[in-house]
Amino acid sequence: MEIIIRNEVPADHRAVEELTKQAFWNVHAPGCDEHYLAHVLRNHADFIPELDFVLIAEGALIGNIMYTKSRLTDGAGREKIVLTFGPLSILPSYQRRGYGKRLAEHSFGKAVELGYDAIVIFGNPANYVGLGFKSCKKFGVSLDGDLFPAALLVKELKPGSLDGGRWHYAESDAYHIDAGEAARFDEGFEVLEKKETPSQEEFYILSRSRIH
């Protein structure tokens, strides 16, 4: 079966937003707003079009990954630009079949070509340690107050690029979306039932867990 990974083009936008809604619906909360996030990211200054990829399998667009620039700063005032990806979306009927891994690994290679040397994300460790991500604490990467969330994960694209320092992570404000605008945007999509799922409780626990 032929698999194509290429950059997203404007003609893909609606299909990407639709698959993103399906991929995230009821996963983290009843409903989702990741499809609105995909919509607004494209026009943000931190968005990186060169790392916006779609995956096509069986003749259908079934996956997408998007990146923004984010920032690490240390106690000496040094700032380092790193990457954050998300949403990473695969249509539900194609999940757990390796497509997300292929899409992510393709993007990692392109990120290296563009000169980036580290990626920082929030995610379920079970989904990302197999892609080379490790706990933020192993790289001295924290949030305000020296907090080390269990879900804050780091991958060095270039070994040693974080050089054993102590870093504060700040994601792009592109991810700070308006819930009301997201709800209005969703009105233009297929109506899906909102419900509670076990994955939402898992997300609640992981997103509030800290490493000491």
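**Entry 1. A buried residue with positive phi**

I call a residue buried when its relative accessible area is under 20%. I am working from a predicted model, and I keep that in mind for every entry here. With that cut-off I looked up N26, which at 6% relative accessibility counts as buried. N26 lies in the loop between α1 and α2, and its phi is near 65 degrees, a positive value in a residue that is not glycine. I noted this because most residues other than glycine have a negative phi, and most peptide bonds are trans.

I then turned to D146, whose phi is near 55 degrees, again positive in a residue other than glycine. D146 is found in the loop between β7 (141-142) and β8 (152-156). Is D146 buried or exposed? D146 has a relative accessible area of 51%, so I entered it as exposed.

For the peptide bonds I wrote down the one from G86 to P87, which is cis with omega near 0 degrees; P87 has its place in strand β4.

**Entry 2. The chain as a whole**

I counted 6 helices and 9 strands in the chain. The C-alpha trace spans about 50 × 35 × 30 Å along its principal axes. For 212 residues a compact globule would have a radius of gyration near 17 Å, and the chain agrees with this, having 17 Å. Buried residues make up 47% of the 212 residues, and the accessible surface comes to about 10800 Å², of which carbon and sulfur atoms hold 51%. Of the contacts with a separation of 6 or more, 71% are between residues 24 or more positions apart.

**Entry 3. Nonpolar cores**

Which residues have the most contacts inside the largest nonpolar core? I found Y67, F85, F108, I119 and F133 in that role, within a core of 39 residues. The elements giving two or more residues to this core are α1 (13-24), α2 (34-41), β2 (53-57), β3 (60-74), β4, α3 (99-113) and β5 (118-122). Apart from this core lies another, of 13 residues, which includes V82, A118, V120 and W167. As background I added that in soluble globular proteins nonpolar side chains tend to be buried together.

I followed F133 through its contacts, leaving aside neighbours within four places in sequence, and listed F85, F108, I119, I121, Y128, L153, V154 and K155.

**Entry 4. Aromatic pairs**

A search of the whole structure gave me 10 aromatic pairs. The ring centres of F85 and F133 are 6.0 Å apart and their planes stand at 80 degrees, so I recorded the pair as edge-to-face. This pair links distant parts of the chain, with F85 in strand β4 (residues 79-90) and F133 in the loop between α4 (125-128) and β6 (134-135), 48 residues apart. Both F85 and F133 are buried, and ring pairs link them with Y67, F108 and Y128 into a cluster.

I also looked up Y94 and Y99, which form an edge-to-face pair with 5.7 Å from centre to centre and 70 degrees between the planes; both Y94 and Y99 are buried.

**Entry 5. Charges over rings**

Where does the charged end of K21 sit? I placed it over the ring of W25, 4.6 Å from the centre of that ring. In the case of K137, the charged end sits over the ring of F148, 5.1 Å from its centre.

**Entry 6. Helix α2**

How many of the 8 residues of α2 are buried? I found that 6 are, so α2 is largely enclosed by the rest of the structure. The buried ones are E34, H35, Y36, L37, A38 and L41, and what covers them includes α1, β3, β4 and α5 (179-186).

**Entry 7. T73**

I closed with T73, which has its place in strand β3 and is partly exposed, with a relative accessible area of 28%. Leaving aside its neighbours within four places in sequence, I listed the contacts of T73 as R78, E79, R166, W167 and H168. I also noted V141, whose C-alpha atom is separated from that of T73 by 9.3 Å, while the two residues are 68 residues apart along the chain. W167, one of the contacts of T73, is also among the residues of the core of 13 residues.

How values were computed: Residues are numbered from 1 along each chain as its sequence is written. Side-chain values use heavy atoms; hydrogens and water are left out. Rings of Phe, Tyr and Trp (its six-membered ring) pair if their centres lie within 6.5 Å; planes under 30 degrees apart count as stacked, over 60 as edge-to-face and the rest as tilted. Helices (H or I, at least four residues) and strands (E, at least two) are DSSP runs, numbered from the N terminus. Buried means under 20% relative accessible area, exposed over 50%, partly exposed in between (1.4 Å probe, protein chains only). A charge sits over a ring if NZ of Lys or CZ of Arg is within 6 Å of the ring centre and within 35 degrees of the ring normal. The radius of gyration is taken over C-alpha atoms; the globule rule is 2.2 Å times the number of residues to the power 0.38. Contact means heavy atoms within 4.5 Å. Accessible areas come from the Shrake-Rupley method with a 1.4 Å probe; for residues, only the protein chains shown count as cover. A nonpolar core is a set of buried Ala, Val, Leu, Ile, Met, Phe, Trp, Tyr and Cys residues joined through side-chain atoms within 4.5 Å.
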